[in-house]
Structure formats: C-alpha cells, structure tokens
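Open your viewer and get ready to click. This tour goes stop by stop, with something to select at each one.

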Amino acid sequence: MPYEKELAAAKKAATLASLQRVLLQSDVHSKSDKSPVTVADYGSQVLVSFVLERELPSVPFSIVAEEDSGDLRKESGQDTLKRITDLVNDTLANDGSYSVSPLTTEDVLRAIDNGKSDGGSVGRHWVLDPIDGTKGFVRGDQYAIALALLDEGKVVLGVLACPNLPPTSIGSNQLHSSNGVGSLFFAKVGHGAYTQALDGSTETRVHVTDIENPEEASFFESYEAAHSSHDLSSSIAEKLGVKAPPVRIDSQAKYGALSRGDGAIYLRFPHRGYREKIWDHAAGCIVVSEAGGIVMDAAGNPLDFSKGKFLDVVAGIIVTNQKLMPSLLKAVKEALNEKASSL
Ligand SMILES: Nc1ncnc2c1ncn2[C@@H]1O[C@H](COP(=O)(O)O)[C@@H](OP(=O)(O)O)[C@H]1O
Ligand SMILES: [Mg+2]
Ligand SMILES: [Mg+2]
Ligand SMILES: [Mg+2]
C-alpha cells in the first residue's frame, strides 16, 4: 500500500512529540516576527525529525518546518538550548522505544536544521508545524502537532496530534479533555480519515457532518482575533443563516474537530498583509478532505501546497461539507464585497 510506512512513521513521530512534559507558562520566547516560541515547540521539531529519520532510514530526507536554530546558536540562546536538549532526552527515555545515548546540544541543533527545506513541486517533502497554536498551548488550551507529506506538490498524508482535544465530540462548552487523553487524526490520500485516542485505542473512521441547513450549523474560528477577523466571519455566518455563536479554538484542532462532525464550518480571514504558511494547513487539509469535506480559499480555489513554504490564498480559507459549500461561497463573496465597498 502506498505511503503505509510513511503514515506509520508520522503517527509515531507526532505521538511521541505530544508526550513532552513541560511546565506550561515558562520558557516562552519571542521570535523576530514577535510571535511566541517555547522550548516545547523546538523539542517537538527535534523529536519528529529524530523519529522520521529512525523509522525511514533509507529515504532521502526533506522537511519544511516552522522553527529554525538561529536564536539557539546565539550566546543568549544557550540556556534555552540546554533545556530543549534535556526535554528531548527525558521524552525519549520515558518512551523507551529507541535505545540511544542522550542527544547532545549539537544533535539537537542539527535535528532542528533538518527542517530547513523549501518544499516545492518536485519530490517528497515532510511539512511540520511542531506546535501549532503556540498561544493556545501557553494558555493551556488547544494546540496540535501537525505533520504532512507532500509528493510532487500534493499532500498525500497528514497527522494531527491534539493533546487537549477529548476523543469524544466537543460542544461549545466542553472543549477540554476531561481525563487528560487527547485525540489523534490521520489520513492518507484516497483512504479516508481516521481518529483514535492519543493513548492508542482502536481507530475509527471519521466523516464531516452531513448537515445541509445552515441554521443547524455551527462554525469554528481562531481564538486569536489577530489571526482571523471575527467581524468578517460573523457577517458571513449571519448572511448564511447560522444561528449558533462561533466556537473559538486554537490551531488545526479545528480541522480535526470538523473532520468528525463537531462543527460544520471553519472560517479563517487573516488581516491584510499576512501570508499563510503550508505547515498551518497541510495536515488539517487532508484530514478534512479525506473525511468528505472541502477546503478552499475565499475565491473557491483549492489550496496549492506546491509553491514553497507560503500558501498564497485569495482573502482567506473556508472549510465545510459538499452540501454547504456553494451557499458558503456565496455568503463569503457578498461579505467581502460589502467590506470592500465600505472601505
Ligand atoms: N497575524 C496572523 N494572521 C494569521 N495567522 C497568524 C498570524 N500570526 C500567526 N498566525 C498563525 O496562526 C497559527 C495559529 O492558528 P490559529 O489562529 O488557528 O490558532 C500560528 O501557528 P503557530 O502557533 O504554529 O505559530 C501562526 O502560524
Ligand atoms: Mg509559531
Ligand atoms: Mg502553526
Ligand atoms: Mg507552530
């Protein structure tokens, strides 16, 4: 079966990365674009790179990943580098599946730098967001380890590990895992999407909701208003006739929750000038598509992951089922036109 080994390796990598035990509020740093990064973001990138290299030793290796080692190579980054190294070694030792001598700080820097690839339309490239939703992670809310594989520019498999998303469906007031077990979602092109509890229970196939009436639909959007216009999505929801208030959660956990029918629509409208990155959508996109949903930009184009690390979309990203997409696209067009004429 195509991509079977790769999917198994990706599940193992994302699951191991989700087992890091960290003190939440500490160790938050600011990157040059002012966005936060934590010891756990780096640790996760190291662990995923390490597991993929171990599990797929014969394959040439390319990863397009969010984090880089620049700040950790500076004098001011030495403390953080040490903490990342300890965290990764603790996680590997607790897991026990790999008998290795502890990684050195040099090994850690090298593993982070494995993520330097530019991706593109030729060959195979892993796409990694080691912690998606860092702000959610720091708050103790939703976050995801998101890993996908591109082959000739197309996403062929994806895995989302969501440590704070309960394995049973969420309502708007039950967003947190009550027993501490999270959810894993995975999909392979042409083979459907599946979920299992992050502690490894049996897998079940997932489908997006089959709701046709927008009045019965609920929608997801970013928790952070800086990441997506809440005004625009409420205007779209109103035009469409959605009654329920927005469900705001961080990260690609939104794609996971949508793939199992917890909500019907995901709206994302970044503010002017922001360019989306492939690692923020690749894994979520294949999980939802294989669950029967559709992911498009606001002009109705499919997402193109073949152009390098950026994902150039028209105006925003919208996700829903086949039945609701035509009326959603119409509502989006109207809301965008209204916004343009009011400027
Ligand atoms: N100004 C902005 N507009 C849109 N997205 C942004 C943004 N700043 C950061 N992001 C992205 O939004 C992601 C989180 O998505 P969400 O809003 O759905 O929780 C972040 O991922 P990281 O947390 O991996 O950096 C980051 O890539
Ligand atoms: Mg980030
Ligand atoms: Mg992200
Ligand atoms: Mg991230």
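## Stop 1: two domains

Start by coloring the protein chain by its domain assignment: domain 1 covers 4–206 and domain 2 covers 214–342. Keep in mind that this is a predicted model. Now place a marker at the C-alpha centre of each domain. The two centres lie 24 Å apart.

## Stop 2: where the domains touch

Select the contacts between the domains. On one side are 43 residues of domain 1, and they are in contact with 29 residues of domain 2.

Stay on the domain 1 side. Which elements give two or more residues to the side that touches domain 2? Select strand S3 (63–65), S4, H5, strand S5 (144–151), strand S6 (154–162), strand S7 (183–188) and strand S8 (193–197). Then highlight S6. This strand gives the most to that side of domain 1, with 6 residues.

Next, color this side of domain 1 by residue class. You should find 23 nonpolar, 14 polar and 6 charged residues.

## Stop 3: around ligand 1

Move to ligand 1 and show the 18 residues around it. Which of them come nearest? They are Thr 134, Ser 222, His 227, Asp 250 and Pro 270.

Now bring up the elements. Strand S4 (124–132) and helix H5 (134–139) each give two or more residues to the shell around ligand 1. The largest share, 3 residues, comes from S4. You have met S4 and H5 before: both also give residues to the side of domain 1 that touches domain 2.

Keep the domain colors on. The shell around ligand 1 draws at least three residues from domain 1 and at least three from domain 2.

Switch to coloring by class. The shell divides into 4 nonpolar, 7 polar and 7 charged residues.

## Stop 4: strand S12 and its partners

Select residues 265–268, which form strand S12. Show the side chains. Which way do they point? Ile 265 and Leu 267 point one way, while Tyr 266 and Arg 268 point the other way. In a regular strand, side chains alternate between the two faces of the sheet. Are these four residues buried or exposed? All are buried.

Add strand S10 (residues 219–221). S10 and S12 run parallel, joined by 2 bridges. Find Phe 220, which stands opposite Tyr 266 in S12.

Then add strand S16 (residues 317–321). S12 and S16 run antiparallel, and 3 bridges join them. Here Tyr 266 stands opposite Val 319 in S16.

Finish by centering the view on Tyr 266. Label Phe 220 of the parallel pair and Val 319 in S16.

Conventions
Residues numbered from 1 in each chain as written. Chains lettered and ligands numbered in written order. Predicted model: local features only at pLDDT ≥ 70, side-chain atom pairs only at ≥ 80, totals over all residues. Near = placed C-beta within 6 Å. Nonpolar A, V, L, I, M, F, W, Y, C, P; charged D, E, K, R; others polar. Domains from an automatic or database assignment. Contact = placed C-beta atoms within 7 Å. Buried ≥ 20, exposed ≤ 12 C-beta atoms within 10 Å, placed from the backbone. Pairing = 2+ DSSP bridges.
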